[in-house]
Amino acid sequence: MSKAQLPTPGLGAPSQGPAPAPGRSAPTPGLPVGTPGTSAAADAPATGAPDYSDTFYGQVGGHETFAKIIRVFYEGVAADPVLRAMYPEEDLGPAERRMLLFTEQYWGGPRTYLEERGHPRLRMRHMPFAVTPEARDRWLDAMRQGIDSVDLAPLQRETLWDYMERAAHSMVNAPSDPGL
């Protein structure tokens with residue numbers, strides 16, 4: 001597989017290079033710790049708790065911050081009939097958990113999503129649903145509510161929002177619905 005064909009770094013990309021030292025897992029090749037998609041846990045000793053302080057995840061407040069963003073986001077999803085229709089599960093709890101795990105991992109937190117579900121394959125996982133520009137905009141409205149519900153520095157807020165906006169635009173896979 002050439003470098004241009006590698007999956008997104010930090011999200012299930014195959015490890016390259018020498019094996020890590022005993023008690024450590026390999027950091028994402030080519031990305032310093034603290035880059036979205038990397039994890040400080042990879043550099044934590046096997047006997048100690050992971051230190052995420054040098055990652056975006058840790059710098060914005062870790063699990064509590066991301067849990068609140070995603071909880072508020074899913075409150076918006078539940079209240080929006082267009083978004084809610086995209087979730088076949090009656091209970092949004094499992095979807096909320098998956099998104100929390102993905103988001104935490106992407107921003108340098110625990111790699112639980114990868115361990116449980118493998119590579120995110122976001123576009124593939126969203127293909128069964130007609131993600132129109134209108135659905136994208138509703139998704140972004142709900143996500144904006146989530147991001148605005150936490151106290152972030154302006155640069156952190158902009159960084160997080162930029163990613164969410166780019167990710168939402170990349171998920172569009174259907175034309176506009178004239179009925180919306």
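# A tour by selection

Start by selecting Arg98, which is partly exposed at 26% relative accessibility. On this scale, buried means under 20% relative accessible area, exposed means over 50%, and partly exposed lies in between (1.4 Å probe, protein chains only). The model is predicted, so local features need pLDDT of at least 70 and side-chain atom pairs count only at pLDDT 80 or more, while totals for chains, interfaces and linings use all residues. Residues are numbered from 1 along each chain as its sequence is written, and side-chain values use heavy atoms, with hydrogens and water left out.

Add Glu89 to the selection. Its side chain meets that of Arg98 in a salt bridge, at 3.1 Å from N to O; the term means a side-chain nitrogen of Lys or Arg within 4 Å of a carboxyl oxygen of Asp or Glu. Glu89 is partly exposed too, at 29% relative accessibility. The whole structure holds seven salt bridges.

Now zoom out to the chain. There are eight helices and zero strands, taken as DSSP runs numbered from the N terminus (helices H or I, at least four residues; strands E, at least two). Of the 180 residues, 37% are buried. Contact means heavy atoms within 4.5 Å; among contacts between residues at least 6 apart in sequence, 59% join residues at least 24 apart.

Next, select residues 62–79, helix α2, and residues 133–148, helix α7. Their axes come within 7 Å and cross at roughly 145 degrees. Axes here are lines fitted to C-alpha atoms, for helices over the stretch in contact, and angles run from 0 to 180 degrees between N-to-C directions.

Which residues of α2 meet α7? They are Ile69, Ile70, Val72, Phe73, Gly76 and Val77, set against Trp139, Ala142, Met143, Gln145, Gly146 and Ile147 in α7. By class, this contact has nine nonpolar, three polar and no charged residues. Nonpolar covers Ala, Val, Leu, Ile, Met, Phe, Trp, Tyr, Cys and Pro; charged covers Asp, Glu, Lys and Arg; the others, Gly among them, are polar.

Stay in α7 and pick Arg144 and Asp148, whose side chains form a salt bridge of 3.6 Å, N to O. The two are four residues apart in the helix, so about one helical turn separates them. Asp148 is partly exposed at 43%, and Arg144 is partly exposed at 27%. Add Arg157: salt bridges with shared partners join Arg144, Asp148 and Arg157 into one network.

Finish with Arg136 and Asp137, another salt bridge, with the closest N and O atoms 2.9 Å apart. Arg136 is buried at 15% relative accessibility, whereas Asp137 is partly exposed at 36%.
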